[in-house]
Amino acid sequence: MNRYVLGIESTAHTFSASVVSSHGEILSNAKSVYVAPKGSGIHPLEASRSHASSAASLLGVAIEESGIGVGKISAVSYSMGPGLGPCLRVGAVVARTLCSLLEKPLVPVNHAVGHIELGCLVTRSKDPVVLLVSGGHTMVISHSGGRWRVLGETLDLTLGQLLDQFGRHAGLASPCGGEIERAALRSTRYLGLPYVVKGNDVSFSGMLTAAETMLDAGKRFDDIAFSIQETAFAMVVEVTERALAFTGKKEVMVVGGVAANRRLSRMMSAMARRHSARLRGVPLEYSGDCGAQIAWTGYLAHSKGVEVPVNEATVSQSWRLDSVDTPWRS
Ligand code: AMP
Ligand code: MG
């Protein structure tokens, strides 16, 4: 029998609610994104206020668009972490309230696992090496021994933070990745930036400082944007390539908001070809933060008995994905 799970995402700038079916159909995926004022980063409290004010109407849209009555929902899942405390708490409160009203089970979901599992669903990928590149994450991941394992990660800034912080330094409004991609297309002039790979980890803080210093010294924004992309993307492709060679897997998937970048896709695809591996591209709508990630992973987890009593449902701001058991993959 088809079952339906409603998932709630609220880790950072996006509040999203979605209904998915146990057959893997995404019946709705309503989103509202908090946009920080020009030149400033995401303010957790302001973002959480925006989430709180859009939550009720978005839930209504998600349920209405799904075409199923609210009575058919068999479980509610929510992003328990990692993320910004005030934002996570809004999602948790909404999820707890819904579960109490509907008398349905509550399923906590790790946001990063959500990115990966929805990516696997929509690309039909079975066992990929994953590059998760977003505002909150930069990690190379592979499944082994009942968990998603981290084979490389950033030591400081995430790739999304590098792009957004550089963009904001230049006066753009966050998120800046799309604008930087367009600027990079207007240049082919490479300016040397620090390329820092340590073991299989990456570091971007030196690159950010160098790029900001170049901009302040009058170098062209487009040339720096081009150089940041060439350098930073080469770094993450290098560590993904090493993970692929090490694991011998034959699929590579890029998820997270930065996956939208076409230059990164081309570099990843050339690398995958060299290893006779297939690059699995996640459609834009599902690569950035969204409720469908939480609803689908909530379904997978609940099918193996994962749930939490409503009065014990908390949030965990720094919940690592490699501490999460994945019984649905065993
Ligand atoms: P997420 O946290 O998964 O929603 O991803 C948000 C991040 O994706 C932000 O840092 C954006 O700047 C970045 N991003 C969005 N579009 C692009 C793009 N076309 N190229 C590079 N980064 C992007
Ligand atoms: Mg995310």
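The exercises below work through a metal site, a ligand shell and some backbone details of a predicted model.

Local features need pLDDT of at least 70 and side-chain atom pairs count only at pLDDT 80 or more, while totals for chains, interfaces and linings use all residues. Residues are numbered from 1 along each chain as its sequence is written, chains are lettered from A and ligands numbered from 1 in the order in which they are written, and side-chain values use heavy atoms, with hydrogens and water left out.

**Exercise 1. Identify the protein donors of the magnesium ion (ligand 2) and place the histidines among them.**

Step 1. Apply the cut-off: donors are N, O and S atoms within 2.8 Å of the metal (3.2 Å for Na, K and Ca). Water is not among the atoms, so sites may look incomplete.

Step 2. List the hits. They are His 111 (NE2), His 115 (NE2) and Asp 289 (OD), at 2.0 to 2.3 Å from the ion.

Step 3. Write the spacing in sequence: H-x3-H-x173-D.

Step 4. Place the histidines. Helices (H or I, at least four residues) and strands (E, at least two) are DSSP runs, numbered from the N terminus. His 111 and His 115 are about one helical turn apart because they sit four residues apart in helix 3 (residues 111-123).

Step 5. Check burial. Buried means under 20% relative accessible area, exposed over 50%, partly exposed in between (1.4 Å probe, protein chains only). His 111 is buried at 3%. His 115 is buried at 0%.

**Exercise 2. Describe the shell of residues around ligand 1.**

Step 1. Collect neighbours. A residue is near a molecule or strand if one of its heavy atoms lies within 4 Å of it. The shell holds 19 residues, and the closest are Gly 135, Asp 164, Gly 177, Glu 181 and Gly 257.

Step 2. Sort them. Ala, Val, Leu, Ile, Met, Phe, Trp, Tyr, Cys and Pro count as nonpolar, Asp, Glu, Lys and Arg as charged, and the others, Gly among them, as polar. The shell has five nonpolar, eleven polar and three charged residues.

Step 3. Assign domains, whose bounds come from an automatic or database domain assignment. Domain 1 (4-115 + 287-329) and domain 2 (127-285) each give at least three residues to the shell.

Step 4. Find polar contacts. These are pairs of N or O atoms within 3.5 Å; within protein, one must be able to donate a hydrogen and the other to accept it, and residues adjacent in sequence count only if both atoms are side-chain atoms. A polar side-chain atom of Glu 181 is 2.8 Å from a nitrogen atom of ligand 1. A polar backbone atom of Gly 177 is 2.9 Å from an oxygen atom of ligand 1. For Val 258, a polar backbone atom lies 3.5 Å from a ligand oxygen atom.

Step 5. Compute cover. Accessible areas come from the Shrake-Rupley method with a 1.4 Å probe; for residues, only the protein chains shown count as cover. Ligand 1 alone exposes 510 Å², and the protein buries 88% of that.

**Exercise 3. Which peptide bonds, including one from Gly 81, are cis?**

Step 1. Gly 81 to Pro 82 is cis, with omega near -5°. Pro 82 is in the loop between strand 4 (73-81) and helix 2 (85-102). Its relative accessibility is 17%, so Pro 82 counts as buried.

Step 2. Ser 174 to Pro 175 is cis as well, with omega near -5°. Pro 175 lies in the loop between helix 4 and helix 5.
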